[in-house]
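User: I am new to this structure and would like a close look at a single part of it. Could you walk me through it in plain words?

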Amino acid sequence: MTDHELVGKVGRVTGRVAPGTVGEMMLPVRGGVEAFYAYPADGLETIEAGRRAVVVEYEPPRTVMITAYPG
Amino acid sequence: MLMYKVAEPNEALIISGWGAHSGPTGDAAGLGFKIVVGKGALVIPGLQTARRLSLDIHEAELDVQCVTTQGVPVGVKAVVIYKIADDFQSIANAARRFLEQEDQMDAKVHNVFAGHLRSIVGTMTVEDMIRNRDKLTQATRESSAMEMQRLGLTIDSLQIQEIGDPTGYIENLGMPEAARVAKDARVAQANADREATEAEQEAEALKAAARSQSSIKQAQVQAEAQKAQAVAEQAGPLAGATAQQDVVVQQTKVAQLQAELTEQRLQADVRKPADAEAYKTRTIAEGARDARISQAEAEAREVELRAAADAKRVKLEADADAERTRLTGQAAADATRVTGEAEGDATKAKGLAEAEAIQARAKALAQNQEAVINQQVAEVLPQIVAEGAKAFGNIGQLTVLNGAQGMTDLMTQMIASGIASLPTLRTLLAAASANGSAPVADGTATAPTPKAETQA
C-alpha cells in the first residue's frame with residue numbers, strides 16, 4: 001500500500017466536507033471500500049455529502065485532502 | 001510446515017524477531033516488525049515470533065451522564081462499533097498498543113469514548129441527538145478522528161441507543177405534538193365514530209324499513225295465504241252446502257210434486273167423490289127441500305084455508321056475541337037509566353026537603369041570634385081548649401109547685417081563660433053574623449079560633 005494508490009481516486013463524500021470540520025468520504029481500496037477522514041484540499045471548499053470528490057493528497061493513516069470532482 | 005504461518009482474512013500476522021526489520025520501505029520502513037495480511041509467511045522458530053492481531057469488529061457499550069449544549073442533563077446509552085483499520089499504519093499503531101491485550105481493548109476504548117461521547121453530546125442539543133444523525137456522526141468525527149487514528153482504530157458506527165431523560169425534557173418536547181396528535185386522533189376517532197354511527201343508523205333505518213316492508217309483505221302474503229286457505233277451507237262446506245242446497249231444491253221440487261200428486265190424488269180421490277157426494281147430497285137436499293117446501297106450501301095453504309074458515313066461523317060467532325051483548329047492554333042501560341031517574345027524583349025531592357029545613361032554621365036563627373051563637377060556641381069550645389093545651393105540649397118539663405092542687409089550679413085557669421074569651425068570641429060572631437049569615441055555616445068558622453087562642 002503506497003500513497004499514490006489513493007491520490008487521484010474518486011469517491012463519494014459521505015460526510016459534509018467544509019472548513020473547520022471533519023468530513024468523510026468512501027474510497028475503494030484494497031479490494032474493498034473504506035471510510036477516510038476528508039478535508040478540503042484548499043482549506044476553503046465546501047463539499048456536501050453525496051457529491052463526488054477526488055483525492056488530492058493522502059495523509060496516513062486515514063486522512064485525505066479532496067476537492068470536488070466535476071460532474 | 002510449522003514454520004509457515006497464514007493470516008486469516010480477518011487478522012494480521014505481526015512477525016517480529018530476526019530479519020523482521022527488513023519490512024516494507026517508505027513510511028513502513030523502520031517499523032521494527034513485519035505485518036502480514038491476507039497471506040502466509042515463514043516464521044523461523046526461535047528467531048522470530050508471530051502473533052495474530054484480530055481485525056474483527058468490536059463493540060463497546062457506553063452509559064454516560066452528559067449535559068447537552070442547552071444545559072439539559074441526559075443519560076446517554078450508546079454503542080460504538082469499531083475495528084482496527086486495514087492499512088499498515090493503523091495496524092502498526094494498534095499492534096503497538098493492543099497486541100496480546102485485545103481483551104482489554106474494549107475497556108480502554110470504552111473509557112476513551114466515554115469522554116468523547118460527553119464532548120459530543122456537549123456540542124449537540126437534545127433535538128439533534130434525536131433527529132440529526134448526520135450531525136451526530138459529524139460530531140463524532142470531529143471529536144474523535146485524531147485520537148482514533150492514533151490508536152489505529154476506525155469507527156464504523158456510533159449508535160445512541162437510549163437517552164435517559166430525568167428532567168422530562170424529551171417528554172415535554174413531545175407533549176405538544178403528542179397532544180396535537182392525540183387531539184387529531186380523538187377528532188378523527190370522533191369523526192369516524194360519528195360517521196360510523198351515522199352509517200350504522202342509516203343502515204339500521206334501512207334495515208328497519210326493509211324489515212317493516214318485509215313484515216308488511218309477509219303479512220300481506222300471509223293474509224292472502226290465510227284468505228286462500230279460508231276460501232279453501234270454506235270451499236268444502238260451501239260445496240257441501242251448495243250440493244245440499246241443490247238437494248233441498250230437488251227435495252222441494254219432489255215435495256212440490258208430491259204435494260201436487262197428493263193434491264191431484266185428493267182431487268181424484270176425495271174432492272171429486274166429495275163433489276159428487278156433495279152434489280148428490282145437495283141434489284137430494286134440494287129435492288127434499290123442494291119437497292118440504294111443497295109440503296109446507298101445501299100445509300100453509302091448508303092452514304090458511306083452515307084459518308080462513310076459522311076466522312069466518314069466529315067472525316060469525318063474534319057477530320053473534322056482539323049482537324047478543326049489545327042487546328044485553330042496551331037492555332041493562334035502559335034499566336039503569338030508569339033506575340037513575342028514579343033515584344034522581346028521589347034525591348031531588350030529599351034535597352029540596354033539606355033546603356027547606358035549613359031555610360027554616362036560618363030563619364029561626366035570624367030570629368034568635370043569641371041562641372045560634374051559643375050553639376056555635378058550644379060547638380067550637382072543645383077545639384079552643386085543646387089549642388090552649390097545646391101550649392103545654394110544647395113545654396118539656398112542667399114543675400107544679402102546689403102538687404095536685406097546683407095542677408087543678410092550672411087546668412082551671414086554662415079553662416077559665418078559654419071561658420074568659422067567650423064574650424069576645426061571641427062579639428066577633430055577632431059581627432060576622434051581622435055582615436053575612438051564610439059564612440057561618442061553612443068551615444070558615446075555624447078561622448077566628450086561632451085568633452082567639454093567640455089573644456089568650
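How many helices and strands are there in chain B? Please then look closely at the contact between chain A and chain B.

Analyst: Happy to help! This is a predicted model, with local features given at pLDDT of at least 70, side-chain atom pairs at 80 or more, and totals for chains, interfaces and linings over all residues. Residues are numbered from 1 along each chain as written, chains are lettered from A and ligands numbered from 1 in written order, and side-chain values use heavy atoms, without hydrogens or water.

Chain B has nine helices and eight strands (DSSP runs of H or I over at least four residues, and of E over at least two, numbered from the N terminus). Of its 456 residues, 21% count as buried (under 20% relative accessible area; exposed is over 50%, partly exposed in between, with a 1.4 Å probe and protein chains only).

Now to the place you asked about. Chain A brings 18 residues to the contact and chain B brings 15 (contact being heavy atoms within 4.5 Å). Between them, about 1,400 Å² is buried, and carbon and sulfur atoms give 48% of that area (the accessible area, 1.4 Å probe, that two parts lose on being put together, summed over both). On chain A, the residues that lose the most area to chain B are Tyr37(A), Pro61(A) and Arg62(A), which together make up 40% of what that side buries.

Two salt bridges join chain A and chain B (a side-chain nitrogen of Lys or Arg within 4 Å of a carboxyl oxygen of Asp or Glu). One of them pairs Glu24(A) with Arg141(B), whose closest N and O atoms are 3.6 Å apart. On the side of chain A that touches chain B, the elements giving two or more residues are strand 2 (23-29) and strand 3 (32-40) of chain A. Strand 3 of chain A supplies the largest share of that side, three residues.

Arg62(A) also forms a salt bridge with Asp87(B), and here the closest N and O atoms lie 2.4 Å apart. This pair crosses between chains: Arg62(A) is in the loop between strand 4 (52-59) and strand 5 (63-68) of chain A, while Asp87(B) is in the loop between strand 7 and helix 1 of chain B. Both Arg62(A) and Asp87(B) are buried. Together with Glu34(A), these two residues are linked in a network of salt bridges.

Let's follow chain B to either side of that loop. In strand 7 (residues 73-84) of chain B you will find Val79(B), which counts as buried because its relative accessible area is 5%. Leaving aside neighbours within four places in sequence, Val79(B) is in contact with residues including Glu59(B), Ala60(B), Ser157(B) and Leu158(B). Val79(B) and Ile160(B) are 81 residues apart in sequence, yet their C-alpha atoms are 6.3 Å apart.

Helix 1 (residues 88-98) of chain B has several buried residues, among them Ile91(B), Ala92(B) and Phe98(B). Just after this helix, Glu100(B) takes a positive phi of about 65°. The side chain of Glu100(B) meets that of Arg51(B) in a salt bridge, 3.9 Å from N to O. That pair links distant parts of the chain, 49 residues apart: Glu100(B) sits in the loop between helix 1 and helix 2 (102-122) of chain B, and Arg51(B) in strand 5 (residues 48-54) of chain B. Glu100(B) is exposed, with a relative accessible area of 57%, whereas Arg51(B), at 31%, counts as partly exposed.
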